[in-house]
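Could you walk me through this model in the viewer, one selection at a time? I would like to know what to pick next and what I will find there.

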Amino acid sequence: MSDTTELAHWFTQNAEARLTLLYGSERVNLLMERLINRLQQESIKSEISASESHWSEQDIILITYGDSIQQPDEVPLQTLHEFLSLHLKGSINCVHILPYFPYSSDDGFSVIDYKTVNPSLGDWSDIERINKDFYLMTDLVINHVSRENLWFIEYLSKQQPGSDYFIEMPQDTDTSQVVRPRSTPVLTPVHTHDGIRYVWATFGEDQIDANFANPDVLFEFIDILLLYVAKGSRFIRLDAIAFLWKKAGTRCINLRETHEVVKLLRDILDVVAPGTVLITETNVPNGENLSYFGNSDEAHMVYQFTLPPLLLHALYHGNSHYLSQWAKDMPRPPKNCTYLNFIASHDGIGLRPAEGILPDQEVQALVDAMHEYKGYVSMRTDTFGKESPYEINIALFDALKGTHLGLDDYQVPRFIAAHTIMIALQGIPALYIHSLIATTSDHQGVEQTGRTRSINRRKWQYDELLDLLNNPTAAHGTVFHELKRQLQIRRKHPAFHPSALQETLSLGDNLFAFWRTSLDQQQQILCINNISPEIQILTLPEHPITEGSGVWRDLIERTALGKGTRSLKLYPYQCAWLEALD
């Protein structure tokens, strides 16, 4: 039996089982025929074959909006391409362009047309030019659509196919058990040709949830997924995927049906584009987040949502206790899976992922501190009707301007240390553009939009930004050039491969330390990070190469520690990547 025949048999078995669970045995034959016919139309060629690893230490992602950097008389995607090519080639190799489609709200996450590039940004040719020089990561905003989406307009006028694409419920439906990230009502009223109706809207009145209980909706999004892959997307991010399936009498989050949809999308990619990486965006408690790995048959990568609040907490208090304990307890990713590490993004710093790890009083202390730093806190309503903090809205650079002891002069080294830690952790690092260039909180943006998330979504003029990056006295340039240097170091060392082993050490609460060991065990790097404003002098662990030179080389400082050296001095927020030389 040929490999192709075996793959087809494997896919047919998997897909049939998943569609049966989702839609019942009565419809499965027709749905399978429809799916096979659709996939046979594809001739996508992936740059990475199924036999190769999905990732390596070379992979580093930049997160940005298509118009985060602008200049007069040029479409923003062309400006972005110029910035990436001139200033980040060799430091990153992938760009996550946040939703670049026509939208009506939420800076892109309320999509009007999934198959067209927003003309205010550019067009598909601009996306393709970027993709020639960098891998592309694209959002599949799968849970909901804009009110202005054609499907929803069809729903309002009761025309096919959109008339059956949304979840209509009686106004008095009991939704008290539904877990949500917002305080707005679950059901939002809309005016249809048949009068006022109430539709499901997890995130707000302009983001109407699609009804995946209708298989036609699933097939619409399969079409969109395949388009994005055909346009060159190596990474596909499933936005807000945890809320996808709704079922009366449940929490409507992380349902089995949702997991089966993700697994089916993974099966499809494994067949038509085996080099494509599927990523789930699930801003939920840690255990729920990890469940999206499945049994190595679901997401290739999950976001490390617990890292941002724990790392912020550790640096604010100068104490790594909770961060180190979490890192020790984190399981090694399943086979062919890894983590996407980030500490800042277009959204805020989520607090739900810290549930069960940080005590409530620690979370509240962090919230109070961020208020002092002129940040905001978004709230959600839990299943008991109580409001609780959902995420902190603040530029990360401002979030790290001080500690529990007050403001100090260590903002820049503290901020760099946060990224040094993230860059070295097991997984693939993703840096938000506003962190890479040390953007401060944009309070003017909040005033203009009325949305607290705008605090971390500034639009830069290209010339103004370059002046700051080239200014040796500006924090923007200091941060930018140092982080670029560290990214380039990471890319040269196999111990930083996303799947390389990691072991967390206990060297005291003022330090956060871990080993990284390459897959072939030929390279070991000891990452030691002083997370406090005090000098730390520590005793190094035994050199792992017992019959070697006993010499350590600090990759960051580019210095060697002599044979037999057991003591290391770290200044406030100094980090060391010590390679063990034989």
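Of the 582 residues of the chain, what percentage count as buried? The figure is 60%. Keep in mind throughout that this is a predicted model.

**Whole chain**

Begin with everything selected. You should be able to pick out 17 helices and 28 strands. Turn the view along the principal axes, and the C-alpha atoms fill a box of roughly 75 × 65 × 50 Å. A compact globule with 582 residues would have a radius of gyration near 25 Å, and the chain, at 24 Å, agrees with that. If you display contacts between residues at least 6 apart in sequence, 70% of them join residues at least 24 apart. Now switch on the surface: the chain exposes about 22800 Å², and carbon and sulfur atoms supply 48% of this area.

**Strand S19**

Next, select residues 428–432, which form strand S19. Is this strand enclosed or open to the outside? Five of its five residues are buried, so S19 is largely enclosed by the rest of the structure. Show the side chains and look at which way they point. In general, side chains of a regular strand alternate between the two faces of the sheet. Here Ile-428, Ala-430 and Tyr-432 point one way, Pro-429 and Leu-431 point the other way, and all are buried.

Keep S19 on screen and add its partners. Strand S1, residues 61–64, runs parallel to S19 and is joined to it by three bridges. To find one of the paired positions, label Leu-62, whose bridge partner in S19 is Leu-431. Then add strand S13, residues 338–341, which is also parallel to S19 and joined to it by two bridges. Here the pair to label is Leu-340 and Ile-428, which stand opposite each other.

**An open sheet**

Move on to a sheet of three strands, an open one with the order S6-S8-S7 and antiparallel pairing. Which strands stand at its edges? They are S6 (168–169) and S7 (187–192); each has a single partner strand, so one side of each is left without a neighbour in the sheet. Select S7 together with S8, residues 195–200, and you can follow six bridges between these antiparallel strands. Leu-187 makes a handy marker, as it stands opposite Trp-200 in S8.

**The nonpolar cores**

Nonpolar side chains tend to be buried together in soluble globular proteins. In this model the largest nonpolar core has 171 residues, and those with the most contacts inside it are Leu-35, Phe-221 and Trp-577. Helix H6, residues 215–230, gives the most to this core, with ten residues. Center the view on Leu-35: beyond its neighbours within four places in sequence, its contacts include Phe-11, Ala-15, Leu-19 and Leu-264, as well as Phe-219 and Ile-222. Apart from this core lies another, of 15 residues, including Ala-513, Leu-526, Leu-540 and Ala-576.

**Two cysteines**

For the last stop, select Cys-527 and Cys-575. Why is there no bond between them? The sulfur of Cys-527 has its closest cysteine sulfur in Cys-575, and the 9.1 Å between them is too far for a bond. A disulfide would need the two sulfur atoms within 2.5 Å. Indeed, the structure holds zero disulfides. Are these two cysteines buried or exposed? Cys-527 counts as buried, at 0% relative accessibility, and Cys-575 counts as buried too, at 5%.

Conventions: Residues are numbered from 1 along each chain as its sequence is written. This is a predicted model: local features need pLDDT of at least 70, side-chain atom pairs count only at pLDDT 80 or more; totals for chains, interfaces and linings use all residues. Side-chain values use heavy atoms; hydrogens and water are left out. Buried means under 20% relative accessible area, exposed over 50%, partly exposed in between (1.4 Å probe, protein chains only). Helices (H or I, at least four residues) and strands (E, at least two) are DSSP runs, numbered from the N terminus. Two strands pair if DSSP finds at least two bridges between them. The radius of gyration is taken over C-alpha atoms; the globule rule is 2.2 Å times the number of residues to the power 0.38. Contact means heavy atoms within 4.5 Å. Accessible areas come from the Shrake-Rupley method with a 1.4 Å probe; for residues, only the protein chains shown count as cover. A nonpolar core is a set of buried Ala, Val, Leu, Ile, Met, Phe, Trp, Tyr and Cys residues joined through side-chain atoms within 4.5 Å.
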